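This report describes the fold, the metal sites and the aromatic contacts of the structure shown below.

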Amino acid sequence: MPVKNRFAELQDEITAWRRDLHENPEILFETHRTSAMVAEKLQEFGCDEVVTGIGRTGVVGVIKGKSDSSGKVIGLRADMDALPIHEATGLDYASKTPGAMHACGHDGHTAMLLGAAKYLSENRNFDGTVVVIFQPAEEGGGGGREMCEDGMMDRWNIQEVYGMHNWPGQPVGKFAIRPGSFFAATDQFDITFEGRGGHAAKPHETVDTTVLAAQAVLALQTISSRNADPIDQVVVSVTSFETSSKAFNVIPQTVRIKGTVRTMSKDMRDLAEKRINEICNGVAATFGGTADVTYIRGYPVMVNSEEQTEFAAAVARSVSGDCDDAPLVMGGEDFAFMLEERPGAYILVGNGDTAMVHHPEYNFNDEAIPAGCSWWAEIVEQRMPAA
Ligand SMILES: [Zn+2]
Ligand SMILES: [Zn+2]
């Protein structure tokens with residue numbers, strides 16, 4: 001059962017939607033034009049229910065099958081937001097908004113799920129209900145979390161959820177997936193060390209905060225090398241180091257460091273947070289200073305459920321003939337919040353040999369549309385076969 005013929009027919013139309021979205025990128029929760037376009041299309045397709053304003057600018061569409069003896073409800077989710085990147089593709093449909101760009105392919109995700117919604121509304125060849133979920137603010141805003149907090153899962157009685165992301169470097173239209181932990185938890189820390197500033201020629205009269213903070217930066221690397229089990233993944237990166245002095249001859253009063261923590265399990269995440277606090281406070285005390293540690297929890301680890309992953313991979317094989325084992329990804333993914341509430345699976349679809357996501361020359365590959373749309377439709381038709 002390869003790509004569905006209907007999506008070969010619809011490819012030009014879906015591509016036109018995708019390019020229109022690409023030209024008009026919107027960031028975080030500001031997806032007003034995009035959400036309106038999605039809601040308008042879902043109405044036009046004849047969805048049974050279209051609701052806007054879930055998770056601020058999120059949109060939900062409901063499509064009922066020919067019958068509902070199964071009582072099943074499956075959620076299919078796409079993200080809609082762009083990134084604060086200035087586009088450098090030179091495409092004739094490049095972003096018309098300076099400093100904003102669909103550099104992660106969410107234009108493609110939205111267009112593919114719309115394509116699937118059109119097909120599913122036309123055919124309704126399944127026994128149960130589909131809820132199509134279009135979320136804002138995947139790129140750091142937690143739009144998925146806000147849709148869940150708005151009670152989306154219970155309101156529509158969603159039982160399973162599926163998500164998809166394009167993947168540069170993977171052959172076009174070929175899928176990859178893995179069960180269990182897949183995308184990392186993404187946390188941040190913001191730490192201010194305080195010593196006692198003074199004249200750089202008289203260090204003995206100061207508590208040199210620069211030396212103190214430098215020791216802490218090095219010690220933070222022992223979380224991965226000495227505290228974590230070597231088979232567990234953890235990344236601690238200090239990305240900003242800023243002293244309160246701009247002079248050659250002044251020892252600063254404070255040093256502020258910032259950075260990110262990526263982990264693949266709840267235990268590792270808890271350990272990293274605990275050790276960052278202990279190390280920074282301990283090192284500061286050793287040198288006679290203090291540390292003010294703020295640890296900000298971002299997206300949780302995204303965990304694919306075993307059974308749904310096996311099913312999603314089988315569907316991918318039925319569409320593309322094959323499905324690869326995906327690697328662990330140390331990036332974060334907001335779909336993690338939906339997978340915390342319901343079992344489900346997240347799959348990667350090949351974008352071919354393109355620039356990586358978040359690069360100013362990246363572009364979603366429209367050739368992936370028939371495979372992506374077919375996977376969505378087959379998830380529904382195989383999971384809830386028509387009675
Ligand atoms: Zn992204
Ligand atoms: Zn993305």
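How many aromatic pairs does the structure hold? In this predicted model, the structure holds twelve aromatic pairs. One of them, formed by Trp167 and Phe183, is edge-to-face, with 6.2 Å centre to centre and 75 degrees between the planes. Trp167 lies in strand S5 and Phe183 in strand S7 (residues 180-183), so the pair ties together parts that are 16 residues apart in sequence. Trp167 counts as buried because its relative accessibility of 18% falls under 20%. Phe183 also counts as buried, at 4% relative accessibility. Ring pairs further link Tyr162, Phe175, Phe311, Trp375 and Trp376 into a cluster.

**Nonpolar cores**

Three residues of that ring cluster, Tyr162, Phe175 and Trp375, are listed among the residues with the most contacts inside the largest nonpolar core, together with Leu42, Leu76 and Phe134. This core has 62 residues. Leaving aside neighbours within four places in sequence, Trp375 is in contact with Tyr162, Gly163, Met164, Phe175, Ala312, Val315, Ala316, Val319 and Ile347. Another core, of 27 residues, lies apart from the largest one and includes Val51, Phe183, Val329 and Met338. In soluble globular proteins, nonpolar side chains tend to be buried together.

**The sheet and its helices**

An open sheet of eight strands has mixed pairing and the order S1-S2-S4-S3-S5-S16-S6-S15. Strand S1 (49-54) and strand S15 (323-325) stand at its edges with a single partner strand each, so one side of each is left without a neighbour in the sheet. On average, neighbouring strands of the sheet are turned by 25 degrees against each other, direction ignored.

Strand S5 (residues 160-168) pairs with strand S16 (residues 344-352) in the parallel sense, over eight bridges. The bridge partner of Trp167 in S16 is Gly350. Helix H3 (residues 106-123) packs on the sheet and touches S2, strand S3 (73-79), S4 and S5. The direction of H3 makes about 145 degrees with that of S3. Helix H2 (residues 32-45) lies across S1, strand S2 (58-64) and strand S4 (129-135), and runs at about 10 degrees to S2.

**The zinc sites**

The protein donors of the two zinc ions are set out below.

| Metal | Protein donors | Distance | Spacing in sequence |
|---|---|---|---|
| Zinc ion (ligand 1) | Cys104 (SG), Glu139 (OE), His358 (NE2) | 2.0 to 2.2 Å | C-x34-E-x218-H |
| Zinc ion (ligand 2) | Cys104 (SG), His106 (NE2), His165 (NE2) | 2.1 to 2.3 Å | C-x1-H-x58-H |

The zinc ion (ligand 1) and the zinc ion (ligand 2) are 3.1 Å apart, and Cys104 coordinates both. Distant parts of the chain are linked at both sites. For ligand 1, Cys104 in the loop between S3 and H3 is joined with Glu139 in the loop between S4 and helix H4 (143-149), 35 residues apart. For ligand 2, Cys104 is joined with His165 in strand S5, 61 residues apart.

Are these donors buried or exposed? Both Cys104 and Glu139 are buried. Cys104 has a relative accessible area of 6%, and His165 is buried as well, with a relative accessible area of 4%. Strand S5 thus recurs in the description: the strand holds the zinc donor His165 and also Trp167 of the edge-to-face pair.

Conventions. Residues are numbered from 1 along each chain as its sequence is written. Chains are lettered from A and ligands numbered from 1 in the order in which they are written. This is a predicted model: local features need pLDDT of at least 70, side-chain atom pairs count only at pLDDT 80 or more; totals for chains, interfaces and linings use all residues. Side-chain values use heavy atoms; hydrogens and water are left out. Two strands pair if DSSP finds at least two bridges between them. Helices (H or I, at least four residues) and strands (E, at least two) are DSSP runs, numbered from the N terminus. Axes are lines fitted to C-alpha atoms, for helices over the stretch in contact, and angles run from 0 to 180 degrees between N-to-C directions. Contact means heavy atoms within 4.5 Å. Donors are N, O and S atoms within 2.8 Å of the metal (3.2 Å for Na, K and Ca); water is not among the atoms, so sites may look incomplete. Buried means under 20% relative accessible area, exposed over 50%, partly exposed in between (1.4 Å probe, protein chains only). A nonpolar core is a set of buried Ala, Val, Leu, Ile, Met, Phe, Trp, Tyr and Cys residues joined through side-chain atoms within 4.5 Å. Rings of Phe, Tyr and Trp (its six-membered ring) pair if their centres lie within 6.5 Å; planes under 30 degrees apart count as stacked, over 60 as edge-to-face and the rest as tilted.
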